[in-house]
Each structure stands twice: as structure tokens, then as C-alpha cells.
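Got your viewer open? Let's walk through this one together, one selection at a time.

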Amino acid sequence: MFTNFFYTCKAKGLQITLSEWLTLQEALDKGLCGSSLTQFYYLARMILVKSETDFDKFDMAFEECFKAAQ
């Protein structure tokens with residue numbers, strides 16, 4: 001699931017580095033978002049998005065990958 005999210009973000013034009021991706025994985029391992037999809041959304045956006053101009057790209061990628069999880 002998360003690999004698909006990574007590639008979807010890249011396909012939407014987000015420039016995600018390996019370091020940022022590993023930081024997100026570490027945050028998930030530490031349970032920083034619990035089991036909340038909303039908290040995961042904000043955590044991932046905080047770590048992966050570098051500029052406000054990329055929020056729409058992130059939102060499209062997130063919706064594409066997690067719309068069924070609602």
C-alpha cells in the first residue's frame with residue numbers, strides 16, 4: 001500500500017527524496033499517527049511536501065491511494 005503511495009506521489013510530480021520517505025516510515029514505526037487516516041494524512045504531508053504549491057499534487061495522490069480506506 002505504501003509503495004503504491006510513493007509511486008503515485010512521484011507520478012503526480014512530488015519530488016520525494018529517499019530520506020523523506022524513510023523519515024515517514026520511521027514516524028509510522030513509532031506510531032505517531034496511530035490508526036487514524038486523518039493523522040496519517042497530516043503527518044505524510046508535513047514530511048513529504050516541501051512547498052504549499054505542492055499541496056494539490058499531494059492531495060490528488062493521497063485520494064487516489066486511500067479513497068477506499070475511508
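Before you click anything, here is a definition for later: a crossing of two helices is left-handed if the near helix is turned anticlockwise from the far one by less than a right angle, and right-handed if clockwise. Helices here are DSSP runs (H or I, at least four residues), numbered from the N terminus.

Some ground rules, too. This is a predicted model, where local features need pLDDT of at least 70 and side-chain atom pairs count only at pLDDT 80 or more, while totals for chains, interfaces and linings use all residues. Residues are numbered from 1 along each chain as its sequence is written, and side-chain values use heavy atoms, with hydrogens and water left out.

**Stop 1: α1 and α2**

Select α1 (2-11) and α2 (18-29). Two packed helices are described by the angle between their axes and the distance between the axes. Axes are lines fitted to C-alpha atoms, for helices over the stretch in contact, and angles run from 0 to 180 degrees between N-to-C directions. For α1 and α2, the angle is about 145° and the axes are 12 Å apart. Which hand does the crossing of α1 and α2 have? It is right-handed. Show the side chains that make the contact (heavy atoms within 4.5 Å): Phe-2, Phe-5 and Phe-6 come from α1, and Trp-21, Gln-25 and Leu-28 come from α2.

**Stop 2: around α2**

Keep α2 on its own for a moment. Its 12 residues reach 16 Å from first C-alpha to last, close to the 16 Å expected at 1.5 Å a residue; the expected span is 1.5 Å times one less than the number of residues. Colour Glu-20, Trp-21, Leu-24 and Ala-27, which are the buried residues of α2. Buried means under 20% relative accessible area, exposed means over 50%, and partly exposed is in between, all with a 1.4 Å probe and protein chains only. Now look down the axis of α2: the buried residues fall within an arc of 120°, so they line one face of the helix. That arc is taken from the directions from the helix axis to the C-beta atoms. Turned away from the buried side, you'll find the exposed residues Leu-18, Ser-19 and Asp-29. The buried residues of α2 pack against α1 and α3.

Just past α2, pick Gly-31: its phi is positive, near 75°.

**Stop 3: Cys-33**

Next, click Cys-33, in the loop between α2 and α3. Is Cys-33 buried or exposed? It is buried, with a relative accessible area of 6%. Leaving out neighbours within four places in sequence, Cys-33 touches Leu-28, Gln-39, Phe-40 and Leu-43. Try a distance label as well: Cys-33 and Leu-43 are 10 residues apart along the chain, and their C-alpha atoms are separated by 7.0 Å.

**Stop 4: Val-49 and Asp-54**

Move on to the loop between α3 (37-48) and α4 (55-66), where Asp-54 sits. Val-49 lies in this loop too. Val-49 is buried at 11% relative accessible area, and Asp-54 is buried at 16%. Setting aside residues up to four places away in sequence, Asp-54 touches Leu-14 and Val-49. With its neighbours within four places left aside, Val-49 is in contact with Ala-44, Asp-54, Phe-55 and Phe-58.

**Stop 5: α4 and its partner α1**

Select α4 and colour Phe-58, Ala-61, Phe-62, Cys-65 and Phe-66, which are buried. Seen down the axis of α4, its buried residues fall within an arc of 105°, so they line one face of the helix. Spin to the other side of α4 for Asp-56 and Glu-63, which are exposed. The buried residues of α4 pack against α1 and α3.

Bring α1 back: α1 and α4 pack at an angle of about 145°, with axes 9 Å apart, and their crossing is right-handed.

**Last stop: the core**

Nonpolar side chains tend to be buried together in soluble globular proteins. A nonpolar core is a set of buried Ala, Val, Leu, Ile, Met, Phe, Trp, Tyr and Cys residues joined through side-chain atoms within 4.5 Å. Which of the 21 residues in the largest nonpolar core touch the most other members? Select Phe-5, Leu-24, Phe-40, Leu-48 and Phe-58. α1, α2, α3 and α4 each supply at least two residues of this core, and the largest share, 6 residues, comes from α3. Finish on Phe-5: beyond its neighbours within four places in sequence, its contacts include Trp-21, Phe-40, Leu-48 and Phe-58.
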